[in-house]
Amino acid sequence: MQSGYGTGAESADAADLWVRDPRTGEYRMLLPGETAPAPEPAAPVPAAATTVPPGTAPRRAARRRERAARRSGPWIAGAVCFVLAVGGTGGYLLLHHSGSSTGASGRSGAAPGPSGSASCPAQPVATGPVPEPAVSGTFLQGSRATAVNVRVTVLNGTGTIGQAEAVLTWLQSSQEGFLRSSNGGPAPATAKATTLVYAPNHVDQARTLAAALGLPATALHGDGKTSDPIGRMVLTLGQDFHGIGKPFAAPSPAASAPPAGATTGCGSQ
């Protein structure tokens with residue numbers, strides 16, 4: 001340890017011999033007999049600014065108003081919807097009640113009196129079927145084929161779905177026994193009258209089928225082109241077919257008038 005550096009150099013620590021020169025700002029060793037300079041006072045720490053920057057208060061107020069508007073918006077919308085619903089329901093009930101009252105008063109005032117001054121309602125137009133004459137007895141006289149040997153294809157020209165299938169089911173029942181009948185599906189076009197087309201050598205089959213179905217005489221057409229024994233007749237159901245066991249009848253084009261002396265319920269009796 002060197003002696004003569006500053007005051008009490010014999011007992012001073014070597015690190016204490018280094019001081020900061022205030023003029024140069026650098027550290028140097030104390031010269032012999034030089035005392036360490038007093039430490040520099042610490043620079044005062046500036047106090048935190050407490051002033052509010054200009055414009056901060058208006059922005060905070062605007063944010064508060066925005067938050068309040070967001071919270072109150074759904075409540076306002078709900079209240080408006082409730083008022084509209086209540087008003088619409090009340091208006092509907094008022095109009096409905098008013099219309100019912102007006103209708104009741106109109107019906108009570110329009111009731112016809114015994115004098116028959118009220119206008120007479122139009123009478124419905126009555127239409128009825130016109131029965132077609134059945135096949136003549138002379139045609140049915142002669143040989144007939146057994147039901148199991150009758151070959152026929154049924155076409156549906158009625159315009160109603162399922163008629164050919166209904167006839168086929170009836171023909172193939174155990175009671176009738178037309179087991180060689182088949183369903184040909186819908187006809188190419190709607191037919192007004194039922195027809196049975198058969199070849200000349202199938203007249204015995206035509207007699208059997210005509211007698212079973214009660215075909216009218218106008219339905220038989222013996223001009224079929226099939227000549228072999230296993231050829232099939234063609235039965236086309238028309239709009240005059242109304243079901244199994246019912247007579248073949250077409251609707252009348254003229255309206256049937258009410259019988260003479262019948263009362264209509266209007267005017268004098």
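**A walk through the predicted model**

Ala14 sits in the segment that comes before strand S1 (18-20). The structure described here is a predicted model. With a relative accessibility of 38%, Ala14 counts as partly exposed, because that value falls between the 20% limit for buried and the 50% limit for exposed. In sequence, Ala14 and Met29 are 15 residues apart, and their C-alpha atoms are 9.6 Å apart in space.

Further along the chain comes a stretch that carries a database annotation. UniProt, in an unreviewed entry, places the feature "transmembrane region" at residues 73-95. In the model, the span 73-95 is 100% helix and 0% strand. The C-alpha atoms at the two ends of this span lie 33 Å apart.

The next part to look at is a sheet. Five strands make up this open sheet, and their order across it is S5-S4-S8-S6-S7, with mixed pairing. Strand S5 (181-186) and strand S7 (220-221) are the edge strands, each pairing on one side only.

Two of the pairings can be followed in detail. S4 and S5 run parallel and are joined by five bridges. Within this pairing, Thr153 stands opposite Ser182 of S5. To get from S4 to S5, the chain passes through H3, and the resulting β-α-β crossover is right-handed. The other pairing is antiparallel: strand S6 (residues 195-197) and strand S8 (residues 233-237) are linked over three bridges. Here Thr195 has Thr236 in S8 as its bridge partner.

A helix lies against this sheet. Helix H4 (residues 203-213) packs on the sheet and touches strand S4 (152-156), S6, S7 and S8. The direction of H4 makes about 25° with that of S8.

The packing can also be followed through the nonpolar residues. The largest nonpolar core has 24 residues, and those with the most contacts inside it are Leu196, Leu209, Leu215, Met233 and Leu235. At least two residues of this core come from each of S4, helix H3 (163-171), H4 and S8. H4 gives the most, with four residues.

Leu209 can serve as a point of entry into this region. Leaving aside residues up to four places away in sequence, Leu209 touches Val152, Leu171, Phe178, Leu196 and Met233. Of these partners, Leu196 and Met233 are themselves among the residues with the most contacts inside the core.

Note on methods: Residues are numbered from 1 along each chain as its sequence is written. This is a predicted model: local features need pLDDT of at least 70, side-chain atom pairs count only at pLDDT 80 or more; totals for chains, interfaces and linings use all residues. Side-chain values use heavy atoms; hydrogens and water are left out. Two strands pair if DSSP finds at least two bridges between them. Contact means heavy atoms within 4.5 Å. Axes are lines fitted to C-alpha atoms, for helices over the stretch in contact, and angles run from 0 to 180 degrees between N-to-C directions. UniProt positions are given in the numbering used here, feature names are shortened, and annotations may be inferred rather than shown by experiment. A nonpolar core is a set of buried Ala, Val, Leu, Ile, Met, Phe, Trp, Tyr and Cys residues joined through side-chain atoms within 4.5 Å. Buried means under 20% relative accessible area, exposed over 50%, partly exposed in between (1.4 Å probe, protein chains only). A crossover is right-handed if, with the strands pointing away from the viewer, the path from the first strand over the helix to the second runs clockwise.
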